[in-house]
Amino acid sequence: MSNEQNDRIQGKVVVITGASSGLGAETARHLARRGARLVLAARRQERLDELARELKDLGAEATVKATDVTDRGQVEALVKHATDTYGRLDVMVNNAGLMPLSPLAEGRVDEWEQMIDVNVKGVMYGIHAALPVMNQQQSGHFINLSSVAGHVVFPGSAVYSASKFAVWALSEGLRKEAGPNIRTTTLSPGAVQSELPQSVGHDETAKQVNDLYEMAIPADSVARAIVYAIEQPADVDINEIILRPTAQEM
Ligand SMILES: NC(=O)c1ccc[n+]([C@@H]2O[C@H](COP(=O)([O-])OP(=O)(O)OC[C@H]3O[C@@H](n4cnc5c(N)ncnc54)[C@H](OP(=O)(O)O)[C@@H]3O)[C@@H](O)[C@H]2O)c1
């Protein structure tokens, strides 16, 4: 790694939603080692506090804000917490998500609504809250978590895929509207180790997911991709990344 690349992450203020586990937590660790200033958000405050302590032990600056991304006011308060604490916001990682897969005929409507609320509205609220700050700064970067399931649909993934196709559309619309100073990255992972499969409540689908996740790759694969997108020069916008286990066919 060159010093110049290191400098592009050093001091950046990065908000991560869904930082209490999985990809969000691992991304926070990678960015902390590179000198970013972190704002950790999720519902489980004690997990965030523990992670913040770990990051501070690495010598990083980190602050915590308990946030439910389905609540627009809480997402606005999260962004305000970032700017109150650090005076700016450089990167908004809209990562919080759920994946309660099931066949449509099962009619698990509450789970569908939860996926739309977290995976889609949560990202919209993140954009809504952070965009004015970035516009004022004339700089900023959104990193939105879609999925391989945001590019292809499997039996059982209809609503989850709909939510992740929506993330792709939101990111692409944002990219076209946001002007020359704001970067937008859509990141679409395949099977990556995290707590995500635990959100599958439908037994038969859970079995299929557990089989697929036997090939899952470590969460640091995603963290490194996020670092890569952030460390580019300001005039380079990494718009899309799809990454899978080499062994994953779909
Ligand atoms: N792992 C994969 O294979 C994979 C593949 C493709 C895409 N993704 C995407 O990657 C993102 C991260 O998932 P992950 O794999 O790291 O799963 P994870 O370990 O289950 O983490 C999900 C995170 O989202 C947070 N979250 C859930 N509901 C929330 C809410 N209402 N408000 C705020 N935070 C909420 C959880 O924190 P709290 O429960 O503490 O709120 C947790 O920190 C998701 O968008 C997921 O769809 C993952």
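**Helix H8 and its surroundings in a predicted model**

Helix H8, spanning residues 220–230, is mostly tucked away, with 8 of its 11 residues buried. This comes from a predicted model rather than an experimental one. The buried set in H8 consists of Ser221, Val222, Ala223, Ala225, Ile226, Val227, Ala229 and Ile230. As for what sits over these residues, the cover includes one helix, H2 (22–33), along with strands E4 (91–94), E5 (140–145), E6 (182–189) and E7 (240–243).

Stepping back to the whole chain, the protein has 8 helices and 7 strands. Its radius of gyration comes out at 17 Å, which agrees with the value near 18 Å that a compact globule of 250 residues would have. Along the principal axes, the C-alpha atoms fill a box of roughly 50 × 35 × 30 Å. Of the 250 residues, 52% are buried. The contacts also reach a good way along the sequence: taking pairs at least 6 residues apart, 71% of the contacts join residues at least 24 apart. On the outside, the protein exposes about 11500 Å², and carbon and sulfur atoms supply 48% of that area. As for charge, there are 24 positive and 32 negative ones, and the mean positions of the two sets lie 5 Å apart.

Turning to annotation, UniProt lists residues 12–185 as "domain: Ketoreductase", in an unreviewed entry. In the model, that stretch is 51% helix and 18% strand. The C-alpha atoms at the two ends of the stretch are 16 Å apart.

A few individual residues are worth a look, starting with Val64. This valine lies in strand E3 (residues 61–66). Val64 counts as buried because its relative accessibility is 15%, below the 20% cut-off. Leaving aside residues up to four places away in sequence, Val64 touches Leu40, Gln45, Leu48, Asp49, Ala52 and His81. Ala130 is 66 residues from Val64 along the chain, and 17 Å separates their C-alpha atoms.

Thr205 is another buried residue, this time in a helix: H7, which covers residues 203–212. With a relative accessible area of 5%, Thr205 falls under the 20% limit and is therefore classed as buried. Its partners, again not counting residues up to four places away in sequence, are Leu101, Ser102, Pro103 and Val200.

Phe165, in helix H6 (residues 158–177), is a partly exposed residue. The relative accessible area of Phe165 is 37%, so this phenylalanine fits neither the buried class, under 20%, nor the exposed one, over 50%. Beyond residues up to four places away in sequence, Phe165 touches a run of neighbours made up of Ala149, Gly150, His151, Val152 and Val153. Between Phe165 and Val133, which are 32 residues apart along the chain, the C-alpha separation is 26 Å.

Finally, there is a backbone detail at Gln138. This residue sits in the loop between helix H5 (109–137) and strand E5, the latter being one of the elements that cover the buried residues of H8. Gln138 is not a glycine, yet its phi is positive, at about 65 degrees.

Terms used: Residues are numbered from 1 along each chain as its sequence is written. This is a predicted model: local features need pLDDT of at least 70, side-chain atom pairs count only at pLDDT 80 or more; totals for chains, interfaces and linings use all residues. Side-chain values use heavy atoms; hydrogens and water are left out. Helices (H or I, at least four residues) and strands (E, at least two) are DSSP runs, numbered from the N terminus. The radius of gyration is taken over C-alpha atoms; the globule rule is 2.2 Å times the number of residues to the power 0.38. Buried means under 20% relative accessible area, exposed over 50%, partly exposed in between (1.4 Å probe, protein chains only). Contact means heavy atoms within 4.5 Å. Accessible areas come from the Shrake-Rupley method with a 1.4 Å probe; for residues, only the protein chains shown count as cover. Lys and Arg count as positive and Asp and Glu as negative; His and the chain ends are not counted. The place of a charge is taken as NZ of Lys, CZ of Arg, CG of Asp or CD of Glu. UniProt positions are given in the numbering used here, feature names are shortened, and annotations may be inferred rather than shown by experiment.
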